[in-house]
Amino acid sequence: MKSKLREAKLRETLRDRLGENRYQLWMGEHVALRPSGDQLEVLCHSKTEVDLLRRKYGGALLECVHTALGKDFGLKYSVQESIDEAVEKTLPSKASQSALPALDVKQSEPPKSRTTNKPSARPQARQRLRYTLDNFVEGNSNRLALTAVRTALESPGRFSPLLLFGSHGTGKSHLLDAAAAELRRHPARPQVLSLTAEQFTAEFMEALRTRSQASFRHKFRGVDALLFDNVSFFGTKQATIEEFLHTIDSITSRGGQVILTSVASPSELNAIHPGIAARVFGGLAAAIDLPDYDTRLGIVRAMAVRAKTTLPEAVIEMIAQQVVGSARLLAGAINRLVVTSMAERRPITPIIADMVLAEFCQQNTPQVKLTDIEKAVCEVFGVESSTLKSPKKSRVVTDPRMLALCLSRRYTRSGLAEISSFYNRRSHTAVLTAQKRLDTMIGKNAEVIVAEGACQVEEAMRRVEAVLRQA
């Protein structure tokens, strides 16, 4: 237990130091951290990863170790013999697994025979095969993206490049890894390469340093499918971006499939580099929003089943209602409930859940209020608060009011009656009516008028959500 507490403290320090994106890329669950005595062992999946980690973040890691664990701690880098063995070592004993099963156990394919006649696939940067399309919870917030991925798998090259964009924790990486797993199981055995923008950049810089650009280009441009995570990482790295654009063009010209993910929308990518946006505009961009209430219900149920944890239906609904945010937050909430239940030797009941979730949400999620939604909608649509709450029925008023009602239901903990009353509606059914109208408009790709001009209703929603994130 002491070792686990030390690791948790160290990981929190690393998150603060590196930022969430870099932490997940370099020091996430794929890297094992094992404090023992006065030494921290860092285990990666390959010697290459060890060398990159030591060279790029060795100093920062040592500083965080000294901050979190004490200056007498040293570092030891090792290579894990296999992913499965690393997982086994980090799991609880068999006697305790039934009480606290891991939510996200990584699995790996069995090693391929060295005598196979087919050349081995190129080294893959991402191997999270627990992510499949079957265990991806579909909802209004991600249906378009899921359909786009399935179409890309059935007809590679039809939509290429395909961009999946949305905020952190919406399922972009899940879909990317699921697509990679599906492609590798294809009877034609296509060559698939899956990696992040930071890894592409590191390899490109190494190719420049060693003057091995020809080998680099052969590796990346010769694949049948390129799956690329966090393209918005490139920033102002012009030389890397130009190489990346040539790579996309080479693959798509041969009918290959390119799938990208990004936290930035196509218009925001245009500000980073018009070339990237131009390729996306010629392919397909699909947004993934934070899960709504119904999708969160499905995610919580799926996580509970995967974790072999029995949760009363009332508790499942309570989690989905109170934990408004990403799937990672939902997983964290379930973990907190399970550990609390073990510590207090009591089953998870609505009473315990109410206490635990209140503390969890206070620590981990920003409190979105009805006034926050109102302010964000007014800013995006250029209307006054009094107008939004008025009885006027022109579309200049009803469109922003519709979004305000629906987003209030999605992001706040207020009930339907409270939301309706806040916007001076007569009945709680006003929220349900607004949701039905919004779904119809989304299905028709309808436009609304915001302060900057006409845009699709989904784009208007994303703009409001962007204002909320900045608040």
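What follows is a short chat about how some labels in this predicted model were assigned.

Reader: Before we start, what are the ground rules for this predicted model?

Author: Local features need pLDDT of at least 70 and side-chain atom pairs count only at pLDDT 80 or more, while totals for chains, interfaces and linings use all residues. Residues are numbered from 1 along each chain as its sequence is written, and side-chain values use heavy atoms, with hydrogens and water left out.

Reader: Why is Thr 240 called buried or exposed?

Author: Buried means under 20% relative accessible area, exposed over 50%, and partly exposed in between, using a 1.4 Å probe and protein chains only. Thr 240 comes in at 3%, so it counts as buried. It sits in helix H10 (residues 238-253); helices here are DSSP runs of H or I with at least four residues, strands are E runs of at least two, and both are numbered from the N terminus.

Reader: What is Thr 240 in contact with?

Author: Contact means heavy atoms within 4.5 Å. Leaving aside neighbours within four places in sequence, Thr 240 touches Phe 200, Thr 201, Phe 204 and Phe 234.

Reader: And what makes Gln 213 buried, exposed or partly exposed?

Author: Gln 213 has a relative accessible area of 25%, so it lands in the partly exposed class. This residue lies in helix H9 (residues 213-221), and outside its neighbours within four places in sequence it contacts Ala 207 and Leu 208.

Reader: How do you know that the length of H21 agrees with a helix at 1.5 Å a residue?

Author: The expected span is 1.5 Å times one less than the number of residues. For the 15 residues of H21 (residues 429-443) that gives 21 Å, and the end C-alpha atoms are 21 Å apart, so the two agree.

Reader: Which residues of H21 are buried, and how do you know where they fall around the axis?

Author: Ala 430, Val 431, Ala 434, Gln 435, Leu 438 and Met 441 are the buried ones. Looking down the axis, they fall within an arc of 135°, so they line one face of the helix; the arc is taken from the directions from the helix axis to the C-beta atoms. On the other side, Thr 433, Lys 436 and Gly 443 are exposed.

Reader: What makes S5 and S8 edge strands?

Author: Strands pair if DSSP finds at least two bridges between them. The open sheet has five strands, ordered S5-S6-S7-S4-S8, with parallel pairing. S5 (192-196) and S8 (284-287) each have a single partner strand, so one side of each is left without a neighbour in the sheet.

Reader: How many bridges join S4 and S8?

Author: Strand S4 (residues 162-165) pairs with S8 over four bridges, in the parallel sense.
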